[in-house]
Amino acid sequence: MKSLIIGYGSTGKSFERYLTKKFIKFDIFDENISKLYDKKNILSNIKTNTIFEYTKLYVSPGIDLRKYFSPETISELNYETDLDIFFKENKSIKIGVTGTNGKSTLVHYLNQALNLVSSSIALGNIGNPLLDNIKHENKYSVIEASSFQLEKMKDNNFDFSFITNIQSDHIDFHRNFENYKNAKLKICSELGQTVFCQNDSYKETAINFASKVESVNLSEDIAFTDLPFRLETISKGVFNDSKSTNSASLLYALSKLKFMGNLIICGDPKKEKYKKLEITGPKRIFIFGHHKKELSKLISHPNITICNELHEIFEILRSEQDFHNLLFSPGNPSGNDYVNYIERGEHFNKLRAAYLD
């Protein structure tokens with residue numbers, strides 16, 4: 001009998017590589033059939049009366065099983081996540097990090113700090129698939145875990161865990177905030193300890209943790225590298241916060257900078273169920289892209305300018321010579337505007353250089 005991979009994104013592809021190495025036969029299901037154009041082992045649909053023909057299911061994080069099966073059926077399914085497999089097969093000390101915002105940054109700093117005193121690798125939602133690194137021999141695995149992953153995780157085998165913060169996000173997937181919060185809290189370590197971050201001093205948190213677990217005194221003056229597109233200063237008074245994919249991160253950026261200049265927003269507001277948002281601080285808000293009409297109905301501010309394309313905003317700013325206090329913090333996922341936050345962040349930087357340098 002075969003196994004079944006459900007969802008063919010980056011995790012689904014890592015399942016494919018993992019099962020191939022294990023000589024396990026499998027089919028693949030993804031609603032977006034275009035992803036599977038070169039595959040022969042495709043399952044065209046998943047139904048309750050046929051799903052139990054598979055010995056095991058390998059479920060990608062973003063798959064909502066409730067879309068296909070009843071709660072009773074889901075409770076009977078024999079499925080695993082990449083986290084479950086990694087827990088069983090990798091012997092490193094496992095550090096889980098989750099939160100609405102800041103988790104990638106904390107993972108990045110923890111990994112750097114631990115590599116100064118030992119050996120570590122950053123894995124998971126930060127973009128380095130768990131199953132592709134299941135045989136690594138570093139002492140520590142610092143794993144960024146999303147609410148999607150944690151919701152499906154069977155057993156918690158994190159030795160340590162960190163929660164940066166929990167604010168409203170992914171409500172379209174989790175149905176309500178309580179479900180989202182409970183998914184995040186599943187990371188709380190049953191083996192070691194859980195750290196609830198009280199602020200965004202993630203460098204200090206990383207240094208303190210690495211010093212404690214390895215019984216050393218790390219200098220507070222460590223020159224950490226930073227991740228791009230997270231309130232990144234591009235030039236004097238110009239900030240690229242393209243990683244902002246929810247309203248909480250947008251409001252955080254405004255508060256952190258005490259921002260009073262030109263704010264640029266875009267993206268798909270579906271994730272937070274089209275929540276209305278009152279914004280104070282910026283003197284003007286630009287909204288652009290495929291979702292501009294939806295966003296213009298949700299954003300409350302006395303001075304809003306709507307544009308079709310990002311370059312139109314730069315043309316306005318250049319003509320007014322009003323570009324010395326500019327924040328690109330979309331506050332939403334990319335939607336139909338860009339492939340991801342990296343593409344839109346790079347596009348912003350490219351246009352800034354073309355129009356404002």
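In strand β17, Leu-327 is the bridge partner of Leu-263, and that pairing is a handy place to start looking around this predicted model. From there we can follow strand β12 to its neighbours, step into the buried strand β14, and then visit a four-stranded sheet and a pair of helices.

**Strand β12 and its partners**

- Leu-263 belongs to β12, which covers residues 262-265.
- The pairing of β12 with β17 (residues 326-328) is parallel and runs over three bridges.
- β12 also pairs in the parallel sense with β14 (residues 284-288), this time over four bridges.
- Within that second pairing, Asn-262 has Arg-284 as its bridge partner, while Leu-263 stands opposite Ile-285.
- In a regular strand, side chains alternate between the two faces of the sheet.
- In β12, Asn-262 and Ile-264 point one way, Leu-263 and Ile-265 point the other way, and all are buried.

**Strand β14, covered on both faces**

- Five of the five residues of β14 are buried, so the strand is largely enclosed by the rest of the structure.
- One side of β14 carries Arg-284, Phe-286 and Phe-288, and the other carries Ile-285 and Ile-287.
- Besides pairing with β12, β14 runs parallel to β16 (residues 304-307), joined to that strand by four bridges.
- Ile-285 is a good residue to click on: its bridge partner in β16 is Ile-304, and in β12 Leu-263 stands opposite Ile-285.

**The four-stranded open sheet**

- Earlier in the numbering, four strands form an open sheet in the order β2-β1-β3-β4, with parallel pairing.
- β2 (26-29) and β4 (79-80) stand at the edges with a single partner strand each, so one side of each has no neighbour in the sheet.
- β1 (residues 3-6) and β3 (residues 57-59) run parallel and are joined by three bridges.
- Ile-5 has Tyr-58 as its bridge partner in β3.

**Helices α1 and α4**

- Two packed helices are described by the angle and the distance between their axes.
- Here, the axes of α1 (residues 10-21) and α4 (residues 82-89) come within 11 Å and cross at roughly 45°.
- That crossing makes α1 oblique to α4, since angles from 35 up to 65 degrees fall outside the roughly parallel and roughly perpendicular ranges.
- At the contact, Thr-11, Phe-15 and Tyr-18 of α1 meet Asp-82, Ile-85 and Glu-89 of α4.
- These contact residues divide into three nonpolar, one polar and two charged.

How values were computed: Residues numbered from 1 in each chain as written. Predicted model: local features only at pLDDT ≥ 70, side-chain atom pairs only at ≥ 80, totals over all residues. Heavy atoms only, no water. Buried < 20%, exposed > 50% of the residue type's maximum accessible area, 1.4 Å probe, protein only. Helix = DSSP H or I, 4+ residues; strand = E, 2+ residues; numbered from the N terminus. Pairing = 2+ DSSP bridges. Axes fitted to C-alpha atoms, helices over the stretch in contact; angles between N-to-C directions. Parallel < 35°, antiparallel > 145°, perpendicular 65-115°, else oblique. Contact = heavy atoms within 4.5 Å. Nonpolar A, V, L, I, M, F, W, Y, C, P; charged D, E, K, R; others polar.
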